[in-house]
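Me: I'm new to reading protein structures and would love a close look at one part of this one. Could you walk me through how the helices pack there, and then show me the strands as well?

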Amino acid sequence: MEKLPFKLEFITPAFIGGANHQAELRPASFIGLLRWWWRALRAEDNLKILKKEEAEIFGLEDKAGGFFLRIRGDVYTGNNLRDDLHLDCHYDGRTRSVRGRDEGLCYLLYSAFLPNKERSYIKAGSTFELTLLGKKDYLKPLLASLWALVFLGGVGLRSRRGGGSLAVIEAKGNRLCSLDFNPVGDVEAWYRENLKKAFECVNSKCVSGPEYSNLLGSDILISKAKFKDWREALNDIGVKFKRFREQNKKHVFEMGAFGMPIRHSNNQFLKPERHQRRASPLIIKLIKVENSYRWVLVKLRGNLLPRGEKLVLGKNKSDPSYELLEKFLNTLKQDSYHLVGGCNV
């Protein structure tokens, strides 16, 4: 049995916890995240094959998986992010928008500290140890999943809007895939090389993409600008995101690609025809490169809604559209490095 230890750091606040809503590290949460990113990397369009391989690695209800995951660490927690960070932001009723010096950060994380609904969180700078144990055949794809979680995703509530971003302080378990967990030098080239290795580690066919959310053919943007701390980096991309949505709010149905439901002023909701919610295919996160921070955007491939399902607002319906989301990404390409996920990135 192989033992692969990692030391990780939260570089943005993480809103993660159990049923009591108290922030805590839970192995089950990380196993679920590794499972999700394995699927995204594997990008297998034959669901029978996908489920068979997934069961061998992660197990089923009546069958254990092929690995163990251990977490150890005493993280620092808080109960009111706005007060703890002295955030300068407020809701302007006249413009119906968030305003203030930290408006971008508040806009991205807003649901985590709504008045009287503040959530307990793990503070940025908290560190912990994550250890994977198992046979090499199982640990190899798990390393790719962990790499994707750290450098393309996040943990907990608002993880697609900058919450729960991670960095690797120490990695002793990357030898099976030769993945690098320490981005230095040319960050664009570093992403290209390691994303290619991650696809190889999960044996992705890289031929066609499935309908579910996946990384094959995904758009990845990495900011050219470097920021001195996580607050500055998250606020920068948050302001850009906020202003774009405000400028394009009249495109009601196209806004569905940024996540649903969306509440409108007449108390109607833009939502899927047969579902209550739909996560945005756009992930906004941060990475730490040496002593600076950069924002990263990932636009996942796959269908926004199951085939044939429409968006609904009141009595009106429309087909899903990525047009506005693509427009947003295009506004950022001049200020970022752009690569497309695949085996030949």
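Reply: Happy to! Let's begin with a pair of helices. In this predicted model, helix α2 covers residues 47–58, and its axis and that of α5 come within 10 Å and cross at roughly 105 degrees. An angle from 65 to 115 degrees counts as roughly perpendicular, so α2 is roughly perpendicular to α5. Find the place where they touch: E56, I57 and F58 of α2 meet Y138, P141 and L142 of α5. Sorted by character, the residues of this contact are 5 nonpolar, no polar and 1 charged.

Now stay with α5, which spans residues 136–152, and look for helix α1, residues 27–42. The axes of α1 and α5 come within 8 Å, and they cross at roughly 95 degrees. These two helices are therefore roughly perpendicular to each other as well. On the α1 side, the contact is made by F30, L33, L34, W37, W38 and L41. On the α5 side, the residues are P141, L142, A144, S145, L146, A148, L149 and L152. This contact of α1 with α5 holds 13 nonpolar residues, 1 polar residue and no charged ones. Notice that P141 and L142 of α5 appear here, and that P141 and L142 also take part in the contact with α2.

If you wonder what to note for any such pair, two packed helices are described by the angle between their axes and the distance between the axes.

Next, the strands. Four of them form an open sheet in the order β2-β7-β1-β8, with antiparallel pairing. At the edges sit β2 (67–72) and β8 (166–171), each of which pairs on one side only. From one strand to the next, the twist averages 30 degrees. You can follow one pairing in detail: β2 and β7 (residues 127–134) run antiparallel and are joined by 6 bridges. Within that pairing, F68 has L133 of β7 as its bridge partner.

Finally, move along the chain to some other strands. Strand β10 (residues 262–263) pairs with β11 (residues 269–272) in the antiparallel sense, over 2 bridges. Here R263 stands opposite F269 of β11. Strand β11 also runs antiparallel to β14 (residues 311–313), and 2 bridges join them. For P272, the bridge partner in β14 is L311. So, as you turn the model, you can trace β11 from its pairing with β10 to its pairing with β14.

Technical notes. Residues numbered from 1 in each chain as written. Predicted model: local features only at pLDDT ≥ 70, side-chain atom pairs only at ≥ 80, totals over all residues. Heavy atoms only, no water. Helix = DSSP H or I, 4+ residues; strand = E, 2+ residues; numbered from the N terminus. Axes fitted to C-alpha atoms, helices over the stretch in contact; angles between N-to-C directions. Parallel < 35°, antiparallel > 145°, perpendicular 65-115°, else oblique. Contact = heavy atoms within 4.5 Å. Nonpolar A, V, L, I, M, F, W, Y, C, P; charged D, E, K, R; others polar.
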